[in-house]
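Student: I have a protein model open in front of me, and I would like to learn how to read it step by step. Could we go through it together?

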Amino acid sequence: MFRAIRRTAAWLLLSGLAAAPSWGAAVLQCVPYARIVSGVAIKGDALTWWDQADGQYKRGTKPKKGAVLAFRPNGPMLLGHVAVISKVLDDRRVLIRHANWSVPGAIEEDVLAIDVSEDGDWSQVRVWHSPTGQMGARTNPTFGFIYPAKARLHDFTPDPILGASVRFAKVDSDMWDEQGLPRMLREPRVTPVMASPRMIQVAQARPAPWARKAVPRLEADPFVVEYADAVPSQRTLSAIIADVRREAVMN
């Protein structure tokens, strides 16, 4: 197994995926973006926000507009992540605004995040990936929501020092529909009941709401994909090896 890990790490290094960081600190991080947009005045790495919020802000497991969703460290996301809720679609779907997620330094506005936890408590989420125009495959554990004193979305103006490293991906918030959900969440869980032939006929003739709508398409800055392809990974070889080992144990 370890031979395979070494071969994989060596291939990543030779292919340039484990290249040394080239963007340094001049890349927009999720923390300053979330702090400005939400008004939640917390500083420090994203993984510390949940504990710092204790006693300063209300916390919970229910999504609300303007709240900050705090992500737990997971895999390559060593310092956690924070995103701001821009719209609540339903109990399982929200739109978020965040930075430095799909593309280093990029801002994604009003993109979909879905609750995939078994208990519906937003402890596990999946997030839209702008460059590929689909839901990300990774399941991300979270702490929960941090609620500001006033639910308001503030404008964000990138610092000029960031230059061309800031890219935008924005979606029309009205375009999201039931197609954005995994199949297990699109299909309602019901308790079996005795049904008459007439009830079955009506149910079969009535199409599901999501079947009548088009799949949402992302209207993103075309440079997002080019930027994602051109930017070398900012992760170290040791971090990559650690992830490979972790996946090998899990599998």
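Tutor: We will look at the overall make-up, then at one residue, and then at the salt bridges.

Tutor: Keep in mind that this is a predicted model, in which local features need pLDDT of at least 70 and side-chain atom pairs count only at pLDDT 80 or more, while totals for chains, interfaces and linings use all residues. Residues are numbered from 1 along each chain as its sequence is written, and side-chain values use heavy atoms, with hydrogens and water left out.

Student: How many helices and strands are there in the protein?

Tutor: Helices (H or I, at least four residues) and strands (E, at least two) are DSSP runs, numbered from the N terminus, and the protein has seven helices and nine strands.

Student: What share of the residues counts as buried?

Tutor: Buried means under 20% relative accessible area, exposed means over 50%, and partly exposed lies in between (1.4 Å probe, protein chains only). Of the 251 residues in this protein, 39% count as buried.

Student: Where is Phe143, and which residues is Phe143 in contact with?

Tutor: Phe143 belongs to strand S8, which covers residues 140-147, and with a relative accessible area of 21% it is partly exposed. Contact means heavy atoms within 4.5 Å, and, leaving aside neighbours within four places in sequence, Phe143 touches Leu47, Trp50, Ala70, Phe71, Arg72 and Pro73. The C-alpha atoms of Phe143 and Ala70 are separated by 5.6 Å, although the two residues are 73 residues apart along the chain.

Student: How many salt bridges are there?

Tutor: The general idea is that side chains of opposite charge can pair when their charged atoms come close. A salt bridge is counted when a side-chain nitrogen of Lys or Arg is within 4 Å of a carboxyl oxygen of Asp or Glu, and by this rule there are four.

Student: Are Asp115 and Arg92, which form one of them, buried or exposed?

Tutor: Both Asp115 and Arg92 are buried, and their closest N and O atoms are 3.4 Å apart. Asp115 lies in strand S5 (residues 107-115) and Arg92 in the loop between strand S3 (81-88) and strand S4 (93-99), so the pair ties together parts that are 23 residues apart in sequence.

Student: Which other pairs could I look at?

Tutor: Asp110 and Arg97 meet in a salt bridge at 3.0 Å, N to O, linking strand S5 with strand S4 across 13 residues, and both residues are buried. Arg59 and Asp54 form another, at 3.7 Å, but here Arg59 is partly exposed at 33%, and Asp54 counts as exposed at 52% relative accessibility.
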